[in-house]
Amino acid sequence: MSEGHPELPGLDLDRLRAHLDGGLPGLLSGPLRGRVVAGGKSNLTYVVSDGTGDWVVRRPPLGHVLATAHDMSREYRVMTGLRDTSVPVPRTHLLCEDPDVLGAPFYVMEYVEGTPFRTRDEIAPLGPDTARRVAEELIATLGELHAVVPEEVGLGGFGRPEGFLERQVRRWRKQLDASRSRDIPGIDELHGKLAATLPEQSAPAIVHGDYRLDNVLVTPEGRINAVLDWEMATLGDPLVDLGLMLVYQQQPVGVDKVPATSAEGFPPPEELVAMYAATTGRDVSRLGWYVALGCFKLAVIAEGIHFRHSRGLTVGTGFDRIGDVVAPLVERAHTMLKED
């Protein structure tokens with residue numbers, strides 16, 4: 001947005017500085033500089049610094065966005081609600097819903113140290129024992145999230161648990177239709193099968209919506225410092241989080257190298273499921289349906305990214321092959337439904 005900072009698409013540091021000086025007087029002590037740390041696939045994420053402190057700014061991606069996705073107020077609200085629970089989240093500072101400041105709503109939160117492990121090469125130096133600890137922490141943290149009582153943290157009206165699974169199937173079909181630019185064999189049949197075989201919903205909880213290893217910040221000791229990327233959080237059936245996490249473990253989207261979840265010491269999917277069931281006491285007998293839903297959801301998201309990339313509206317690299325993952329995800333979903 002700013003001609004003075006072309007390396008920061010979507011972030012005008014001068015406008016941001018003026019807004020922070022007005023909304024959080026005394027926070028900044030020097031000129032702002034920044035860098036993009038994630039761009040285009042999800043919300044745009046920047047680290048900004050005044051030379052003394054660091055903060056994170058989040059805003060929606062440029063160009064085409066899907067309805068209900070990239071919701072800044074949703075991310076801000078859920079992290080603010082969880083800040084005093086056992087679920088580790090960054091502390092929130094400011095939400096701006098005025099698009100005139102940066103061209104879209106945005107929020108500012110604290111900068112948290114940690115690594116979002118994406119590839120096996122990144123996590124391998126930790127060793128197998130620590131890799132296992134990371135997996136155990138990942139499951140334990142998910143269980144802690146699903147144990148939070150929404151009403152006790154100001155999130156009682158955060159979503160509508162009744163009919164959640166039916167709405168999820170319908171919503172992702174609607175978002176697929178909003179991003180259609182080519183024929184995708186089997187995806188309409190997949191939608192029909194999901195809608196026709198809905199399981200009985202698990203007891204409602206706070207749902208992250210995109211829970212996976214590279215959406216948490218991990219310390220060198222294998223502890224989780226923060227859970228990030230709450231843009232699709234809501235209240236509903238928490239098994240969708242577990243199902244989607246397993247999709248990412250076995251068929252990650254956007255990872256060109258071997259995924260971190262295949263590192264030595266990281267437990268196989270069936271062991272992770274057993275850990276979750278033991279931690280939460282939830283019935284996981286129909287988890288195959290939830291994995292299939294996760295495949296459908298990721299296929300729609302990947303198609304949306306492909307749609308934006310084809311129109312030159314993504315920021316960063318690695319988008320040219322994102323459309324290639326759609327067909328395998330659809331195929332895997334059909335397989336999971338046959339086994340469910």
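This is a dialogue about reading a predicted model of one protein chain.

Student: Where do I begin, and how many helices and strands does the protein chain have?

Tutor: Begin with the secondary structure. The protein chain has eleven helices and nine strands. Keep in mind that the model is predicted.

Student: What radius of gyration does the protein chain have, and what would a compact globule have?

Tutor: The radius is read against the value expected for the chain length. For 340 residues, a compact globule would come near 20 Å, and the protein chain has 20 Å, so the two agree. As for outer dimensions, the C-alpha atoms fill a box of roughly 60 × 45 × 40 Å along the principal axes.

Student: What share of the residues is buried?

Tutor: Buried means under 20% relative accessible area. By that cut-off, 53% of the 340 residues in the protein chain are buried. The accessible surface comes to about 14500 Å², and carbon and sulfur atoms account for 49% of that surface.

Student: What share of the contacts joins residues 24 or more positions apart?

Tutor: Take the contacts with a separation of 6 or more. Of these, 72% are between residues 24 or more positions apart.

Student: How many positive and negative side chains are there, and how far apart are the centres of the two sets?

Tutor: Count each set, then compare their centres. The protein chain carries 35 positive and 48 negative side chains, with the centres of the two sets 3 Å apart.

Student: Now a single helix. Which residues of helix α2 are buried?

Tutor: List the buried residues, then look at what they face. In helix α2, residues 72-82, they are M72, E75, Y76, V78, M79, G81 and L82. These buried residues pack against the strands β3 (54-59), β4 (92-96), β5 (106-110) and β6 (205-207), and against α5.

Student: Helix α5 comes up there. Where does T130 lie, and is T130 buried or exposed?

Tutor: T130 lies in helix α5, which spans residues 128-147. Its relative accessible area is 12%, so T130 counts as buried. Beyond its neighbours within four places in sequence, T130 is in contact with P220, E221 and G222. A polar atom of the T130 side chain also lies 3.2 Å from the backbone oxygen of L126.

Student: What does V134 touch?

Tutor: V134 is in helix α5 as well. With residues up to four places away left out, V134 touches L126, L213, V218 and G222. The relative accessible area of V134 is 0%, so V134 is buried. A distance in space can be read beside one in sequence: V134 and D241 are 107 residues apart in sequence and 17 Å apart from C-alpha to C-alpha.

Student: And what does L145 touch?

Tutor: L145 belongs to helix α5 too, and is buried at 1% relative accessible area. Not counting residues up to four places away in sequence, L145 touches L82, V87, I206, H208, W230 and D241. One of these, L82, is among the buried residues of α2.

Student: Turn to charged residues. Is R282 buried or exposed?

Tutor: A charged residue is read by the same steps: place, cover, partners. R282 lies in the loop between α9 (269-280) and α10 (287-310). Its relative accessibility is 15%, so R282 counts as buried. Apart from neighbours within four places in sequence, R282 is in contact with H146, S202, A203, P204, A205, P238, Y276 and A277. The side chains of R282 and S202 are joined by a polar contact of 2.6 Å. R282 and C295 are 13 residues apart in sequence, with 21 Å between their C-alpha atoms.

Student: Which residues is R332 in contact with?

Tutor: R332 is in helix α11, residues 326-339. Leaving out neighbours within four places in sequence, R332 is in contact with L246, V247, Q250, Q251, V291 and C295. The backbone oxygen of V247 lies 3.4 Å from a polar atom of the R332 side chain. R332 is buried, at 13% relative accessible area.

Student: One backbone feature to finish. What is phi of D229 near?

Tutor: Look at the sign of the angle and at the residue type. Phi of D229 is near 60°, a positive value in a residue other than glycine. D229 lies in the loop between β8 (224-227) and β9 (234-236). At 18% relative accessibility, D229 counts as buried.

Note on methods
Residues are numbered from 1 along each chain as its sequence is written. This is a predicted model: local features need pLDDT of at least 70, side-chain atom pairs count only at pLDDT 80 or more; totals for chains, interfaces and linings use all residues. Side-chain values use heavy atoms; hydrogens and water are left out. Helices (H or I, at least four residues) and strands (E, at least two) are DSSP runs, numbered from the N terminus. The radius of gyration is taken over C-alpha atoms; the globule rule is 2.2 Å times the number of residues to the power 0.38. Buried means under 20% relative accessible area, exposed over 50%, partly exposed in between (1.4 Å probe, protein chains only). Contact means heavy atoms within 4.5 Å. Accessible areas come from the Shrake-Rupley method with a 1.4 Å probe; for residues, only the protein chains shown count as cover. Lys and Arg count as positive and Asp and Glu as negative; His and the chain ends are not counted. The place of a charge is taken as NZ of Lys, CZ of Arg, CG of Asp or CD of Glu. A polar contact is a pair of N or O atoms within 3.5 Å; within protein, one must be able to donate a hydrogen and the other to accept it, and residues adjacent in sequence count only if both atoms are side-chain atoms.
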